[in-house]
Amino acid sequence: MKGVILAGGKGTRLYPLTRITNKHLLPIYDRPMVTYAIEALVNAGVTDLMLVTGGTHAGEFFRLLGDGHAHGIDRLFYAYQEEEGGIAEALGLAERFVAGDRALVMLADNIFGRPVRPFVENFRAQERGARILLSHLEEEEHLRHLGVAVLEGGSRVTQVLEKPESPPSHFAVTGLYAYDEQVWGIVAGLEPSARGELEITDVNNWYVARGEMQSDVLEGFWGDAGESIDAYYAVNDYVRQNGANRS
């Protein structure tokens with residue numbers, strides 16, 4: 001299994017902090033945000049990684065991470081996303097790196113309190129298809145700004161809605177996805193959305209439509225540090241007090 005960390009985007013929701021750097025290089029407590037995503041995947045046994053980024057600060061990731069060995073990475077590759085083409089387009093840049101293997105994909109502004117190894121092991125045991133990690137949230141107003149999943153039989157996903165006005169469940173889609181080798185054909189066949197991007201929700205719903213999307217519900221903390229300035233500082237506060245990726 002190969003890991004793909006997506007660290008692109010302009011980070012406009014964190015302006016003015018992101019006027020001078022990529023949001024994934026901003027500090028979370030005592031180290032850069034992107035290192036938490038790396039730590040989560042390495043601790044789960046995924047040590048062949050590609051980092052996809054873009055913009056004028058892309059070179060700073062190489063200065064920070066180098067060959068990745070200091071962070072427990074066996075092999076670290078980099079890809080550059082030329083335009084703001086969406087999460088699915090960024091994922092497509094990793095096709096040759098993954099080379100027919102399964103892909104574990106993580107958005108680098110997602111911070112988890114507990115290890116993600118159980119999710120990774122469940123996907124390893126899954127015969128085919130995809131898997132997403134969900135978080136149970138009570139606040140409907142928050143859910144209206146996220147992807148929301150409907151479950152059947154405990155783990156099979158029957159629907160994923162993006163930013164629903166009336167959330168059909170309390171299961172929010174976090175930024176951790178796992179895909180089999182079918183994903184590259186799906187990405188290649190996507191059409192841009194109304195905002196001109198290739199949407200990861202369309203990828204997920206391709207698997208949902210075929211009954212091949214499974215899920216796990218996260219235990220413990222999950223925060224999207226790129227969601228807003230308030231969310232960024234809330235994640236900082238949590239990590240300072242509790243740490244991240246801890247059993």
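Is Asp237 buried, partly exposed or exposed? Asp237 counts as partly exposed, at 35% relative accessibility. That residue turns up in the first close-up below, and everything shown comes from a predicted model.

**View 1. Asp237 pairs with Arg240 along helix H9.**
The two side chains make a salt bridge, with 3.0 Å between the closest N and O atoms. Both residues sit in helix H9 (residues 229-242), three residues apart, so about one helical turn separates them. Arg240 is partly exposed, with a relative accessible area of 44%, and Asp237 is partly exposed at 35%. As a reminder of the chemistry, side chains of opposite charge can pair when their charged atoms come close.

**View 2. A salt bridge links Asp109 to Lys23.**
Here the closest N and O atoms are 2.9 Å apart. Asp109 belongs to the loop between strand S6 (103-107) and strand S7 (110-112), while Lys23 belongs to the loop between strand S1 (2-6) and strand S2 (27-28), so this pair ties together parts that are 86 residues apart in sequence. Asp109 and Lys23 are both buried. If you are keeping a tally, the structure holds 15 salt bridges.

**View 3. Arg144 and its partner Glu141.**
Look for Arg144 in the loop between helix H6 (140-143) and strand S9 (147-152). Its salt bridge to Glu141 has closest N and O atoms 2.8 Å apart, and a polar contact of 2.8 Å also joins the two side chains. Arg144 is partly exposed at 26% relative accessibility, and Glu141 is partly exposed too, with a relative accessible area of 47%. Leaving aside neighbours within four places in sequence, Arg144 is in contact with Lys163, Pro164, Glu165 and Pro167. For a sense of distance, the C-alpha atom of Arg144 is 18 Å from that of Arg195, a residue 51 places away along the chain.

**View 4. Lys163, a contact of Arg144, has a positive phi.**
Stay with the Arg144 contacts and pick out Lys163. This lysine sits in the loop between S10 and S11 and has a positive phi of about 50°, although it is not a glycine. At 48% relative accessibility, Lys163 counts as partly exposed.

**View 5. Ala99 has a positive phi as well, and Pro16 follows a cis peptide bond.**
Some background first: most residues other than glycine have a negative phi, and most peptide bonds are trans. Ala99 is not a glycine, but its phi is positive, at about 50°. You will find Ala99 in the loop between helix H4 (95-98) and S6, where it is exposed, with a relative accessible area of 59%. Over at Pro16, the peptide bond coming from Tyr15 is cis, with omega near 5°. Pro16 lies in the loop between S1 and S2.

**View 6. Glu212 sits in the loop leading into strand S12.**
The loop holding Glu212 runs between helix H8 (200-209) and strand S12 (213-217). Glu212 counts as buried, at 15% relative accessibility. Its side chain makes a polar contact of 3.2 Å with the side chain of Arg128. Not counting residues up to four places away in sequence, Glu212 touches Gln126, Arg128, Gly129, Ala130, Gln182, Trp206 and Tyr207.

**View 7. Strand S12 runs parallel to strand S8.**
Strand S8 (residues 130-136) and S12 pair in the parallel sense over five bridges. One pairing to look for is Leu133, whose bridge partner in S12 is Asp216. S12 is mostly covered, with four of its five residues buried.

**View 8. The largest pocket and its lining.**
About 990 Å³ of space lies in this pocket. Its lining counts 40 residues, and those nearest the centre are Arg13, Lys23, Ile87, Leu107 and Arg195. Lys23 is also the partner of Asp109 in the salt bridge of View 2. Helix H3 (87-92), strand S10 (156-162), strand S11 (171-179), H8 and strand S13 (222-224) each supply at least two lining residues. S11 gives the most, with four residues.

Note on methods:
Residues are numbered from 1 along each chain as its sequence is written. This is a predicted model: local features need pLDDT of at least 70, side-chain atom pairs count only at pLDDT 80 or more; totals for chains, interfaces and linings use all residues. Side-chain values use heavy atoms; hydrogens and water are left out. A salt bridge is a side-chain nitrogen of Lys or Arg within 4 Å of a carboxyl oxygen of Asp or Glu. Buried means under 20% relative accessible area, exposed over 50%, partly exposed in between (1.4 Å probe, protein chains only). A polar contact is a pair of N or O atoms within 3.5 Å; within protein, one must be able to donate a hydrogen and the other to accept it, and residues adjacent in sequence count only if both atoms are side-chain atoms. Contact means heavy atoms within 4.5 Å. Two strands pair if DSSP finds at least two bridges between them. On a 1 Å grid over the protein atoms alone, a cavity is a set of points where a 1.4 Å probe fits but cannot get out, and a pocket is an open set with protein on both sides within 12 Å along at least five of seven lines; lining residues have an atom within 4 Å of a point. Grid points are joined across faces, edges and corners, and a volume is the space filled by probe spheres set on the points.
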